There are 2 protein chains.
Amino acid sequence: MARPGTPTRVRKKSSPGAEQTREALVDAAIAALREDGFGGASARSIAARAGCNQGLVFYHFGSVANLLLAALDEVSRRRLEEYERALSEVDDLPQLVAVASRIFQEDLDEGYVTVLAEMIGGASSTPGLGPEVAKRIKPWRSFAKAAVDRVLGGTGLATDDVAHAIVAVYLGLELLAQLDGDRKPAAALFEQASTFAPLIGSLT
Amino acid sequence: MARPGTPTRVRKKSSPGAEQTREALVDAAIAALREDGFGGASARSIAARAGCNQGLVFYHFGSVANLLLAALDEVSRRRLEEYERALSEVDDLPQLVAVASRIFQEDLDEGYVTVLAEMIGGASSTPGLGPEVAKRIKPWRSFAKAAVDRVLGGTGLATDDVAHAIVAVYLGLELLAQLDGDRKPAAALFEQASTFAPLIGSLT
DNA sequence: GTCTATACTTGGATAGAC
DNA sequence: GTCTATCCAAGTATAGAC
């Protein structure tokens, strides 16, 4: 939300190497996007979170936009790894909904989807950023399609469209949850979905 | 009425009246949010679009944030009016999907949902803006619920959750369409929905 | 590699002329 | 009511010391 209180510090003040600093900046950028949004993710605010100097943003990443893209890369890497792990347990639609529910809860708690949504929304005001963000969102969409194919494949359904809708719901629920500061409606929705999943599953 | 010697000046010729300027600024703010996003909607960029001076933003609205909220108000007013008109033609789920499809297409073409999504996303980086935006999004949610109730009411379904999901899909599809510069996936999704609507309708 | 200092730019906001 | 001028804060980015 809109910066109440002290921002999250992700690194203690010692004398680290280059790799530590890069990581600290990426983590700080994630935190900044999550807590202050795209507009609040400035070189200065990120560096303050990382406990290092503002100039290091440009030394290590060349520009703020590049650092934010690196943050998006990192979030994608972490989550898709977790998603793959979770998807391997899934065989049918009810299971998928249950797993998706748990994972989405994690995503909201950790603010990962916030990072996605803020980068997508923010891309419109930074020339050239859009295509780079799109490139990094693509794996999420591919994953969604793979998950849908796994449980609805061979049913003649247009899994492309279903996957697209799922990503849209994901982002939209995040926007609303962020706006309200309330994740309960999203949770309730997943509960509804889990009661309907067997029904839909039996239709196919 | 006008006394002799003091002709009533309806409007100065060289400069527009206050109301015209306000409207121009609001329209310009909508355009700025749509084309340049929240981050690109500065007092200077908006005033340039409106063809007037930057200082007038503060004279008429006090702050940029207030102008953006006025823009959101105007978008809500325009669209909800249109929505109400459209909803009155609707009696069942297939009709609702058809009407929603047409309206959503309009929303995308005119960039109305972009304004919503940008304001929601941008609110995280401007202290105090979140609650104000939430207040203005509420009518959209109420409308969605009313529409859902109209076609699914009395079926025991949790229409609150369904309406919440619909708003989420709406915002999410917009984010993705904006990112890709492509509205076709959203259109395809509505087409899918219109083939499934009768099926769901018959279930209830 | 990291820090300090600084040039440059943009944006929010106000004062005062017209 | 509108415009010009200006101040001030914040942000990007670079140079150079350590």
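**Exercise 1.** In this predicted model, work out by what turn and what shift along the axis chain B can be laid on chain A, and which kind of axis this relation belongs to.

*Solution.* Chain B is laid on chain A by a turn of 180 degrees together with a shift of 0.0 Å along the axis, and the RMSD of the fit is 0.1 Å. That is the relation of a two-fold axis. As a further step, turn to the interface: 91% of the interface residues of chain B are interface residues in chain A as well, so the copies meet through the same surface.

**Exercise 2.** Describe the protein surface near DNA strand D by its residues and by the helices that supply them.

*Solution.* Begin with the residues around DNA strand D, of which there are 18, and note that A:Ala43, A:Arg44, B:Pro16, B:Thr21 and B:Asn53 come nearest. Next, sort the residues of this surface by character, which gives 8 nonpolar, 8 polar and 2 charged. Then look at the helices: α2 (43-50) of chain A, and α1 (18-40) and α3 (55-61) of chain B, each supply at least two residues, while α3(B) gives the most, with 3 residues.

**Exercise 3.** Find which parts of DNA strand D lie within 4 Å of the protein, and which residues its phosphate oxygens approach.

*Solution.* Of the strand's atoms within 4 Å of the protein, 59% belong to sugar or phosphate, and the rest belong to bases. Now take the phosphate oxygens: one is 2.4 Å from an N or O atom in the side chain of B:Thr21. For A:Ala43 the partner is a polar backbone atom, 2.7 Å from a phosphate oxygen, and for B:Gly17 a polar backbone atom is 3.1 Å from a phosphate oxygen.

Notes
Residues are numbered from 1 along each chain as its sequence is written. Chains are lettered from A and ligands numbered from 1 in the order in which they are written. This is a predicted model: local features need pLDDT of at least 70, side-chain atom pairs count only at pLDDT 80 or more; totals for chains, interfaces and linings use all residues. Side-chain values use heavy atoms; hydrogens and water are left out. A residue is near a molecule or strand if one of its heavy atoms lies within 4 Å of it. A polar contact is a pair of N or O atoms within 3.5 Å; within protein, one must be able to donate a hydrogen and the other to accept it, and residues adjacent in sequence count only if both atoms are side-chain atoms. Helices (H or I, at least four residues) and strands (E, at least two) are DSSP runs, numbered from the N terminus. Ala, Val, Leu, Ile, Met, Phe, Trp, Tyr, Cys and Pro count as nonpolar, Asp, Glu, Lys and Arg as charged, and the others, Gly among them, as polar. Copies are superposed by least squares on the C-alpha atoms of residues with pLDDT of at least 70 in both. Contact means heavy atoms within 4.5 Å.
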